[in-house]
Amino acid sequence: MEKLSFYLALWGAKAAGTALRWFRRDGSGAPGRLALSLCPEFLSSVGRPETLVCVTGSCGRSGAGRIARELLENLDPDTLSNDRAGDGKAGVAAALASAASLSGKCRKKLGILVLEESCAAALLPLLKPEHLLITDLFRGSMEGMPHPEYIAGELEKCIPPETALVLNADDPFVFSVAPLNRRTLYAVDALPQDLPLWDHLVQDLRLCPVCGEPVSYEHRRFHHLGRVSCPACGWHSPDPDTQLISADEEAGRMTVMETEVWQEYRLLSPEVPKLCDSLAAVTLLRSMGYAPAEIARAMESCTPEEAPLPEEEVGERRLIPVLLIGPTAAACSRRFDALRNQPGKKAVVLLADGVQAEKTGSEDVSWLYDTDHELLDRPEVVQVLAVGARSLDVRLRLLLAGLTPEKVKAVRKAGDAAGELALADCGQVYLLYTPERTEQARQLRAAIAERMRRS
Amino acid sequence: MKLEYLYPELGNLYGDGANFRYLRRCLPEAAAVETPLGSEPAFVSDPEVVFLYSGPMTERGQGMALEALRPWSSALLERLEGGMHALFTGSSMELLGKTITDGDTVLEGLGLADLASRRDLSRREQGFFLGQAEGFEITAFQSRFSQSTPGPALQGAFRVIRGFGLEDGCAFEGYRFHNLLGTYLLGPLLVLNPLLTKRFLSSLGVEREPAFFAEALQAYEARLTEFRDKGRKPF
């Protein structure tokens, strides 16, 4: 009976995947959801590639995973991935079903799966990847992973002992995971491109995990990321195996040092978080045994990340949609931080609440109070529109962050937001949205652009 | 008048530090002090401290906080008996109870509240909470691995309408001990419940509306409508 349900699930998922491709609606985990509903043990039974790589982390997994996938595909075009299916359990099931033969055996030799952290903890014992990259660990929503210490603990319980790890040496919650596993560490030097450090509300490593005394940072980039040590007991960040030492935007090159050998790679983006993603991907492939020159050649064909919704210039103004990873504090704070360092007067539209909770429950707003909305309290930010079901909560949060009431407006319906924008004073409009709100953001972007044309 | 945040480096999960920051906005005339782990709390020797806050912390943080606070538990009891207000949210509320049990490990609490807590990391309770205070409803969120058994002497804080009480089947959530409110409720509680905050300020002798009262009330009323909606599930 179990075998029957597996084959029904497999064939059903493959048929659903084919149908979606025909209708150009592929890019969903629907085939995977079907497979799991027909056979909850599907992932235990479906074949996996000979070599499987997994990537997880809070903020960096999508970027690093995308670059790593492109590199692997450039080196081996027949690489499996869940790039289009999503990073949850259903996405993994969809990807593996798609790559499987009718008997369930995997037809691909190499695969890379990007996994959301809680999903990683559940799936790693089943998938048993040969390589696992962990990019960073941050607090998530209340429903997700509340604290990086907890996430690290859950991951550690689930990482197979034979899995080779690639770990961010700048994240103390990451580099401490599974100390007995083979590991390769990477870190990014202090760079001229680093933004001035903000005193974040959340900094989850203030006390030494060994002795409990206050820690000290030689260089801190963002929240708890950086080179850290304990003056009391000597615990400290490990030396990285690969280190990004410079990024030259003009030359389009980044330089990575390994012991005393350095290699230049194509610079996909000068933004520091994206440099971290590139380094993570390079280090992963180095850990897999690819030579630096080989990876550098493959990187020449990688594409810089494309925003789902492009920027637009309308007259003298710019409309800049910005995708947030999710309604999570670190992701939003990063975007706010980048925004505050952009010159010029700007309006900000926040379309960042979740969707599912609104249908069946009520969305928790505690993450708003871990997010540094204070970064938006600047003279150049002339207006912030809080849009959506939680707009009243976001408005309150912005007022508590110090923004004056004249600057802040709550707009319940996205369709009304464009009309509420104070365009007279600003040269840029930033539209920050979460993946769940992409379609609404698309419509809102069009409405804002139209308003800009008419004004 | 002074407001004290106890061990902020530990008790800051779920954005709950905003309870303290919000109260500071409501009481701009009050001084604020943050007491790090290992320091003598200000309430021990400073009678100006009228309010003490402690927030949700990790399981490891609870152990550290307990050991740091233990030498001052008599002083804490004395101050609470003397009328000092306090708010302990999330897992920090367990510190004041008798025991915190996690499998075979039993942590001795400070023993001020008639409460015994037990942790189970394989079971997380989370969702929204709707409760009844005196004269108004409470909206909040819950996310916890623990349950707490109230003793007969414990005075409950909020009657459960929807969501979880202190433990399965318990009709109330949170507890009151003199002017201390201990609760698993997250939100942050004071920000999400302006009527509660107003009542709290009054209890401190301050008769004024909380900061951004109108906006907080609008958000509260919108949430109340959602929480009362039987079509929406609390968990």
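This tour goes through parts of chain B and then the interface between chain A and chain B in a predicted model.

**Stop 1: helix α1 of chain B**

Select residues 17-26 of chain B, which form helix α1. Of these 10 residues, 7 are buried, and the helix is mostly covered. To see the buried set, pick G17(B), A18(B), N19(B), F20(B), Y22(B), L23(B) and C26(B).

**Stop 2: strand β8 of chain B**

Move to residues 125-132 of chain B, strand β8. Because 6 of its 8 residues are buried, β8(B) is largely enclosed by the rest of the structure.

Add residues 137-144 of chain B, strand β9. β8(B) and β9(B) run antiparallel and are joined by 8 bridges. For one position in this pairing, select Q126(B); opposite Q126(B) in β9(B) is S143(B). The two strands make a hairpin with 4 residues between them. In that hairpin, display G135(B), whose phi is positive, near 95°.

Now add residues 155-162 of chain B, strand β11. β11(B) also pairs with β8(B) in the antiparallel sense, here over 3 bridges. Select G131(B) in order to find its bridge partner in β11(B), V160(B).

**Stop 3: the interface between chain A and chain B**

Show both chains and select the residues in contact: 33 from chain A and 38 from chain B. About 3100 Å² is buried between the two chains, and carbon and sulfur atoms give 57% of that area. On chain A, highlight M142(A), Y369(A) and L400(A). These residues supply 19% of the area that chain A buries against chain B, more than any other three residues.

Which side chains should be displayed for a salt bridge? Take E226(B) and R390(A), which meet at 3.2 Å, N to O. The count of salt bridges between the two chains is 3. Polar contacts between chain A and chain B come to 7 residue pairs, with both residues at pLDDT 80 or more.

Next, colour the elements that give two or more residues to the side of chain A that touches chain B: α7 (148-158), α12 (356-360) and α13 (391-400) of chain A. The largest share of this side comes from α13(A), with 6 residues. Finally, colour the side of chain A that touches chain B by class: 14 residues are nonpolar, 7 polar and 12 charged.

Methods
Residues are numbered from 1 along each chain as its sequence is written. Chains are lettered from A and ligands numbered from 1 in the order in which they are written. This is a predicted model: local features need pLDDT of at least 70, side-chain atom pairs count only at pLDDT 80 or more; totals for chains, interfaces and linings use all residues. Side-chain values use heavy atoms; hydrogens and water are left out. Buried means under 20% relative accessible area, exposed over 50%, partly exposed in between (1.4 Å probe, protein chains only). Two strands pair if DSSP finds at least two bridges between them. Contact means heavy atoms within 4.5 Å. Buried area is the accessible area (1.4 Å probe) that two parts lose on being put together, summed over both. A salt bridge is a side-chain nitrogen of Lys or Arg within 4 Å of a carboxyl oxygen of Asp or Glu. A polar contact is a pair of N or O atoms within 3.5 Å; within protein, one must be able to donate a hydrogen and the other to accept it, and residues adjacent in sequence count only if both atoms are side-chain atoms. Ala, Val, Leu, Ile, Met, Phe, Trp, Tyr, Cys and Pro count as nonpolar, Asp, Glu, Lys and Arg as charged, and the others, Gly among them, as polar.
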